[in-house]
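Here is a friendly walk through one model, with the sequence and the 3D view to hand. Let us take the overall layout to begin with, and then turn to the ligand.

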Amino acid sequence: MSHKITLIPGDGIGTEVTQAVVRILEATGLTFEWETVQAGAEAYEKYKEYIPKALTESIERTHVALKGPITTPVGGGFASINVQLRKQFDLYANFRPVRNLPHIPTRYPDIDLVIVRENTESLYSGLEHEVVPGVVESLKIITEKASTRIARFAFEYARKNKRKKVHSIHKANIMKLSDGLFLRCSRNIAKEYPEITYGEHIVDNTCMQLVMNPYQYDVMVMENLYGDIISDLCAGLVGGLGLVPSANLGEKYAIFEAVHGSAPDIAGKNLANPTALLRSSLLMLRHIGEPDAALKIRNALDTVYRDRDKLTKDVGGKAGTSEFADSIIAAIK
Ligand code: NAI
């Protein structure tokens with residue numbers, strides 16, 4: 001059986017890491033039919049659209065995409081394509097498991113926590129305007145519907161995976177209405193899951209707690225901006241952005257991508273670590289019903305990380321992106 005998957009190469013290090021991951025996925029013996037369509041500035045050159053119709057149609061057909069990071073201009077230019085895709089396909093849950101890789105030394109071993117980030121609203125609504133010169137208003141949208149849906153996702157995940165705790169992360173002491181609503185929705189859903197311990201932490205304290213004692217957390221649910229920031233903090237706990245995967249999940253569609261961005265500082269130099277996107281592709285393989293292939297790659301990752309001589313620079317090695325991919329492929333076979 002062949003799996004039809006939309007492939008969005010992205011830009012910056014995107015093309016390098018997607019190429020590496022595609023080669024590794026194909027080495028498992030599975031057959032893929034990749035529908036490759038670009039998005040962002042590169043797509044604009046070809047289609048005069050940042051999210052081309054061809055991409056929308058492809059995802060509507062395949063329901064699953066593997067995506068490289070896409071650059072968003074800072075302080076002007078077009079709106080984030082990443083955020084737009086999540087909204088367009090109602091990928092309301094951004095699922096980000098944070099685990100150590102064996103053999104990567106970090107301050108805390110055996111971290112195993114899950115960030116569930118609401119993916120469609122908060123300050124990422126993109127509703128900003130200049131009220132008068134020198135005064136800008138940026139709207140934070142929090143709805144009962146989206147907050148309830150994301151809380152249910154977190155608790156359902158916890159129940160299905162025998163997780164013990166869910167923390168709702170907020171700033172309801174200051175944003176009493178918006179984060180207050182988010183918290184109320186978490187509390188309501190928590191009542192339906194009495195076997196799971198429910199806790200609440202304010203987001204700034206959460207950052208400190210994560211750095212001091214990450215083991216106190218299990219599943220964490222939060223709105224969009226907090227999820228973005230806390231995910232990068234957690235990536236730092238387990239060895240960096242080159243390692244942490246994510247899945248954007250909705251009722252009908254799913255897009256799998258790394259937590260990191262397009263890393264312009266190392267783009268085009270064969271330096272990028274494809275592990276984060278590779279681990280995202282393992283989530284994708286399980287999603288499409290191929291857990292055995294996912295396990296094969298996971299074992300190969302363990303082997304390559306144990307041997308250490310083919311790791312990329314960000315995790316202390318000397319190998320390039322393609323050489324790392326070659327050694328994963330060799331370990332699969
Ligand atoms: P970034 O995640 O691209 O890079 C931050 C730091 O981590 C850099 O030093 C980079 O070299 C390093 N890094 C990231 N991924 C790595 C990898 N796979 N291997 C080795 N080192 C890696 O964040 P930054 O610089 O803030 O953003 C760059 C661009 O990416 C921006 O335009 C931003 O909007 C975009 N972005 C896109 C995302 C997406 O497509 N989902 C997510 C985050 C940012």
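## Two domains and a ligand

In this predicted model, the centres of domain 1 and domain 2, taken over C-alpha atoms, are separated by 26 Å. If you want to colour them on your screen, domain 1 takes in residues 1-106 + 238-333, while domain 2 covers 121-220. Domain 1 is thus written as two stretches of the chain.

What do the two domains share where they meet? Between them, domain 1 and domain 2 bury about 730 Å², and 62% of that area is on carbon and sulfur atoms. On the domain 1 side, Lys-87, Tyr-92 and Phe-95 lose the most area to domain 2, together accounting for 57% of what that side buries. In terms of contacts, eight residues of domain 1 touch eight residues of domain 2.

Polar links cross this interface too: three residue pairs are in polar contact, with both residues at pLDDT 80 or more. The count of salt bridges between the domains is one. A salt bridge worth displaying joins the side chains of Asp-90 and Arg-149, with 2.9 Å from N to O.

Now to the ligand. It is surrounded by 22 residues, and the closest are Ile-70, Thr-72, Gly-261, Ala-263 and Asp-265. Sorted by character, this shell holds nine nonpolar, eight polar and five charged residues. Three of the closest residues place an N or O atom or a polar side-chain atom by a ligand oxygen, as listed here.

| Residue | Protein atom | Distance to a ligand oxygen atom |
|---|---|---|
| Ile-70 | backbone N or O | 2.9 Å |
| Ala-263 | backbone N or O | 2.8 Å |
| Asp-265 | polar side-chain atom | 2.9 Å |

How much of the ligand's accessible area does the protein cover? On its own the ligand has 810 Å² of accessible area, and the protein covers 70% of it.

Terms used
Residues numbered from 1 in each chain as written. Heavy atoms only, no water. Near = heavy atom within 4 Å. Polar contact = N/O pair within 3.5 Å; in protein donor to acceptor, adjacent residues only side chain to side chain. Areas by Shrake-Rupley, 256 points an atom, 1.4 Å probe, with all protein chains shown as cover. Nonpolar A, V, L, I, M, F, W, Y, C, P; charged D, E, K, R; others polar. Domains from an automatic or database assignment. Contact = heavy atoms within 4.5 Å. Buried area = accessible area lost by both parts, 1.4 Å probe. Salt bridge = Lys/Arg side-chain N within 4 Å of Asp/Glu carboxyl O.
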